[in-house]
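Please open the structure in your viewer and keep the sequence panel visible. The stops below are given in the order in which they may be selected.

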Amino acid sequence: MQLGSKEFYDIQSQFEKDLNRAAFARIHDFSKPTREQLQNLPKGEFYNNGEVNKAFKIYLAGYALGKCKYQN
């Protein structure tokens, strides 16, 4: 999966839906940095909210593990 691919944006969309449905997390700030801001941010920053960003990194790790384990 590459940043900017359809697969990446599908995962990001599903993450936002799943996080909204989670009983423990009522985060509504899914704002993403603009293209200009992305140039100045460190690698791995996907959301402006740090807590959402951490949760998304964990979500991506779980997705990658599942894809690796069950693909083929």
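## A tour of helix α1 and its salt bridges

Begin by selecting Glu7, which counts as partly exposed at 25% relative accessibility. The model on screen is a predicted one.

Keep Glu7 displayed and add Lys67. The side chains of these two residues meet in a salt bridge, with an N to O distance of 2.9 Å. This pair joins distant parts of the chain: Lys67 belongs to helix α3 and Glu7 to helix α1, and 60 residues separate them. Lys67 is likewise classed as partly exposed, at a relative accessibility of 29%.

Next, select the whole of helix α1, residues 6–21. The helix comprises 16 residues, and the distance from its first C-alpha to its last is 23 Å, close to the 22 Å expected at 1.5 Å a residue. Which residues of α1 are buried? Colour Phe8, Ile11, Gln12, Phe15, Glu16 and Leu19 to display the answer, as each of them is buried in α1. These residues lie on the same side of α1 because they cover an arc of only 140° around the axis. A view down the helix axis is suitable for this step.

With the buried residues still coloured, bring α3 (50–70) into the display. Helix α3 is included in what covers the buried residues of α1.

Now turn to the face of α1 that points away from the buried side. The exposed residues Lys6 and Arg21 are carried there. Select Lys6 in particular: its relative accessible area is 62%, and it is exposed. Then add Asp10, whose side chain forms a salt bridge with that of Lys6 at 2.9 Å, N to O. Both residues are within helix α1, four residues apart, which is about one turn of the helix. Is Asp10 buried, partly exposed or exposed? With a relative accessible area of 42%, Asp10 is partly exposed.

For the last stop, move to helix α3 and select Glu51 and Lys54. Their side chains meet in a salt bridge with an N to O distance of 3.5 Å. Lys54 and Glu51 are about one helical turn apart, because three residues separate them in helix α3.

To review the salt bridges, display the pairs together. The count for the model comes to four; among them are Asp10 with Lys6, Lys67 with Glu7, and Lys54 with Glu51.

Conventions:
Residues are numbered from 1 along each chain as its sequence is written. This is a predicted model: local features need pLDDT of at least 70, side-chain atom pairs count only at pLDDT 80 or more; totals for chains, interfaces and linings use all residues. Side-chain values use heavy atoms; hydrogens and water are left out. Helices (H or I, at least four residues) and strands (E, at least two) are DSSP runs, numbered from the N terminus. The expected span of a helix is 1.5 Å times one less than its number of residues. Buried means under 20% relative accessible area, exposed over 50%, partly exposed in between (1.4 Å probe, protein chains only). The arc is that of the directions from the helix axis to the C-beta atoms. Contact means heavy atoms within 4.5 Å.
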